[in-house]
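Colleague: Got a minute to look through this one with me? I'd like to start on the outside and work inwards.

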Amino acid sequence: MPRLPDTLKARSMLLLSAVFVLSHLLSLWLFEQHRNERVLLAEAADLAQRISGIVDLAYGFPAAERGKILAAAQTGFLAAYDDLQSTVDDACLKNTFANDVASNIDKAFSLHPDYDIRVCLRGADPALRGEWRDDIDMLVNIRFPDGETAAFRARLPEAGSLLHEPIALYLLLVMALSLLLAWLLIRRLIRPLEQFGEAASRLGRNLDAPPLVEQGPKELVQASKALNTMQAHVQRLLKSQAEMVAAISHDLKSALTRLQLRTELLSNDREREGLERVVVDMRTMVAAIIDFVRGNASGEQPRRTQLDNLVESLCDDLAEEGLPVSYVSRGTGTGTVECRPVALRRALQNLIDNALRYGGRAVVSLSRDDLFFYLDVEDEGPGIPEAMLGEVLRPFVRVDASRSERSGGLGLGLAIAQGIVQGHGGSLTLFNRHGGGLRAQIRLPASEGVARP
């Protein structure tokens, strides 16, 4: 079964075109069904008037002269005879159309009610139609009041199909122009909806993006107002969340400072060292939580960034610090992308730190296709159980026992990275490598107009 187009614009155009074409074809078919009879009736009425004029002229002359008049009145499609022509009843058409033709003949001779007129339409027997095989024969026998007779035989040409006439080209031209006009109107109608979708997608990547212009049809204006209201609510929620965490962190830092001072006053070395470790752990936890909240509420504005330069510069900086980090160019990763470079660099560094902590070294690579950039960070560690690959991306989830016996912090590094990547409209996925180790893949949508390699 053929698949329908995946856009509303294309589906609307397809539906409108189908309805338009089918309606015209149906109208043309219905017209074709009755057109032939209408043309034949018009031809019969015209011939009846012509025969009536000839008869009136011939009857005004003596009977001996009528034959010459009838002979002079003959044309390529009308034959005249002095004597009546015999008809075979079975060969005469007996239907509504034949009755309508006879009625037209009677109307033409309404001024001569004393004429005895017999009409016979012959179209069923090809032997009776002679050279007029493609038309219908009309035989009219007339008996004058003085006993003289005359007969006329005419052919009624059947109407040809409209498809063989210039009007068919006209219909095709009208259809093409109508579909073009419909396409322009649909584009104009769908454009506000496309802008709404683009604004919603942009909002997912940048919460501080300008509000959507509230214009277009009434329903779309209502949807735009709802989207702008939702954006304002989310902004207020994140702002209040950041302010709350900042206030809590300030109070906790003050309390930890006082606790640190009291710890230094202890005379018992063992108790002092134990409390100092507790204070350090609490400072680490507070810093990690603040870091997590800031990562999900970044005020950095997006800008066009050369992605391969950003990745390579980060890897070079870490390598200069003596860390086992290397960058591998796939040759297809060049291009610009609209992103928050500081936040994206931070997400990448979290993945590299995670690879160094659990795998000893990190290999970073960048590639792309027509739709996405793929940023991979691979390590040589023990990997993660398959059932936990999705769970470790959640905040405060740790699987240290499966990866290393060393501490892995609070389990916020991957969650921070995922929040930043999702804020760019992308995704973060973890895979266990076949040869051992873990591969963390960032997938970012390629912006329109990305420079090709």
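Colleague: Which residues make the nonpolar surface patch of about 390 Å²?

Modeller: That patch is made by L173, L177, L180 and L184. Bear in mind that this is a predicted model.

Colleague: Where does L180 sit?

Modeller: L180 belongs to helix 5, which runs over residues 166-205.

Colleague: And is L180 buried or exposed?

Modeller: In between: its relative accessible area is 46%, so L180 counts as partly exposed, a label for values that are neither under 20% nor over 50%.

Colleague: OK, inside now. How many residues are in the largest nonpolar core?

Modeller: There are 40. V325, L348, L351, I352, V364, V377 and L430 have the most contacts inside that core.

Colleague: Which element gives the largest share of this core?

Modeller: Helix 9, with eight residues. Others that give two or more include helix 8 (307-320), helix 11 (413-423), strand 8 (362-368) and strand 10 (427-432).

Colleague: What does V325 touch, leaving out residues up to four places away in sequence?

Modeller: V325 touches C315, L318, A319, I352, L356, A362 and V364.

Colleague: And what lies apart from the largest core?

Modeller: Another core, of 31 residues, lies apart from it, and L47, L70, L121 and I136 are among its members.

Colleague: Back to helix 9. What does it reach from first C-alpha to last?

Modeller: Helix 9 spans 26 Å with its 19 residues, close to the expected 27 Å. Just after helix 9 comes G360, with a positive phi of about 85°.

Definitions and conventions:
Residues numbered from 1 in each chain as written. Predicted model: local features only at pLDDT ≥ 70, side-chain atom pairs only at ≥ 80, totals over all residues. Heavy atoms only, no water. Core = buried A, V, L, I, M, F, W, Y, C linked by side-chain atoms within 4.5 Å. Buried < 20%, exposed > 50% of the residue type's maximum accessible area, 1.4 Å probe, protein only. Helix = DSSP H or I, 4+ residues; strand = E, 2+ residues; numbered from the N terminus. Contact = heavy atoms within 4.5 Å. Patch = residues over 30% accessible without salt bridge, like charges linked within 9 Å, V, L, I, M, F, W, Y side chains within 5 Å. Areas by Shrake-Rupley, 256 points an atom, 1.4 Å probe, with all protein chains shown as cover. Salt bridge = Lys/Arg side-chain N within 4 Å of Asp/Glu carboxyl O. Expected span 1.5 Å × (residues − 1).
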